[in-house]
Structure formats: structure tokens, C-alpha cells
Amino acid sequence: MEEPWNFELGSRMLEYLSSLGTEFLQDWDQNDMRVAIFKLLLGWLLLSLLAIHLAWRVYGSTVNNMYYRQGMGGQNGGTPDYTTNFPIWESSSTDSSKRHRE
């Protein structure tokens, strides 16, 4: 029977994470340019996420209604409630030619 958690592996991982954090903090204190770039990119990421959140709040229901049909057809299947303008590729008649609207 195997042990679910190997304590030696866990202690090695914590030691590795600790050393990685120490190196990161030392580098953070010594390199002002990296700090400035990090802050700029973090600000850009947060601003983008905020813009996505606001856009989804405003337009989310419209987008949702475009892709998920309500009613008897169900989601992504069934017969649409309206006629489609898609070309007919296969004919049900005896000729084997394909029809296409241009």
C-alpha cells in the first residue's frame, strides 16, 4: 500500500519554493527595470480583465442568446425556428450534382 503523501518529497518541494522565493526577492530588490516592467504588465493585465468583465456584463446576454437557442430544438441541435440561408450541398433528387448559390 502506497503512502498518499511522501514527506520527503513535500519537504524538498517547500525547500525549493523557499529558495525560489528568496532568489526572486533578491532580484526584485536589485533590478529596478524589471520591477517597472512587471508593474506595467500587471497593470495592463488587470485593466484588460476589468474591461473584459465590464464588456461581458453589458453584452453577455446578447452573446449568450446568439449561440444558445431556446425552445424545442435544444442547444446545438434540432430544427431551427426559422429558415436558414445555407446552401444545399446534397440533393434529395435522383441527380447527383450539387447545387450552390453564388
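Let's start with residues 36-59, a stretch that is 100% helix and 0% strand, with its end C-alpha atoms 34 Å apart. The UniProt record, in an unreviewed entry, places the feature "transmembrane region" at these residues, 36-59. Keep in mind as you look around that this is a predicted model.

Now step back to the whole chain. The protein chain has two helices and zero strands. Helix H1 covers residues 7-30, and helix H2 covers residues 32-67. Of the 102 residues in the protein chain, buried ones make up 3%. The chain exposes about 10300 Å², and carbon and sulfur atoms supply 61% of that area.

Helix H1 is a good place to look at charged side chains. Glu-8 forms a salt bridge with Arg-12, and their closest N and O atoms are 2.8 Å apart. Why can these two meet along the helix? Glu-8 and Arg-12 are four residues apart in H1, so about one helical turn separates them. An α-helix has 3.6 residues a turn, so residues three or four places apart point the same way. Side chains of opposite charge can then pair when their charged atoms come close. As for their surroundings, Glu-8 is partly exposed at 46% relative accessibility, while Arg-12 is exposed at 55%.

The count of salt bridges comes to two, and the other pair to find is Arg-34 with Asp-27, whose side chains meet at 2.4 Å, N to O. Arg-34 is exposed, with 52% relative accessibility, and Asp-27 is partly exposed, with a relative accessible area of 29%.

Next, move to the beginning of helix H2. Here a side-chain oxygen of Asn-31 reaches to within 3.3 Å of the backbone nitrogen of Met-33.

Follow H2 along and you will come to a bend. Where is the kink in H2 centred? Look at Tyr-59: the helix kinks there by about 65°. Tyr-59 is also the last residue of the range 36-59 that the UniProt record gives for the "transmembrane region".

Tyr-59 belongs to a surface feature as well. Together with Trp-56, Val-58, Val-63, Met-66, Tyr-67 and Tyr-68, Tyr-59 forms a nonpolar patch on the surface, and these residues have about 820 Å² of accessible area together. Val-58 is a handy member to inspect: this residue is found in helix H2. Is Val-58 buried or exposed? With a relative accessible area of 55%, Val-58 counts as exposed, because the cut-off for that class is over 50%.

Technical notes
Residues numbered from 1 in each chain as written. Predicted model: local features only at pLDDT ≥ 70, side-chain atom pairs only at ≥ 80, totals over all residues. Heavy atoms only, no water. Patch = residues over 30% accessible without salt bridge, like charges linked within 9 Å, V, L, I, M, F, W, Y side chains within 5 Å. Areas by Shrake-Rupley, 256 points an atom, 1.4 Å probe, with all protein chains shown as cover. Salt bridge = Lys/Arg side-chain N within 4 Å of Asp/Glu carboxyl O. Buried < 20%, exposed > 50% of the residue type's maximum accessible area, 1.4 Å probe, protein only. UniProt positions renumbered as here; feature names shortened; annotations may be inferred. Bend = angle between axes of the 7 residues up to and from the residue. Polar contact = N/O pair within 3.5 Å; in protein donor to acceptor, adjacent residues only side chain to side chain.
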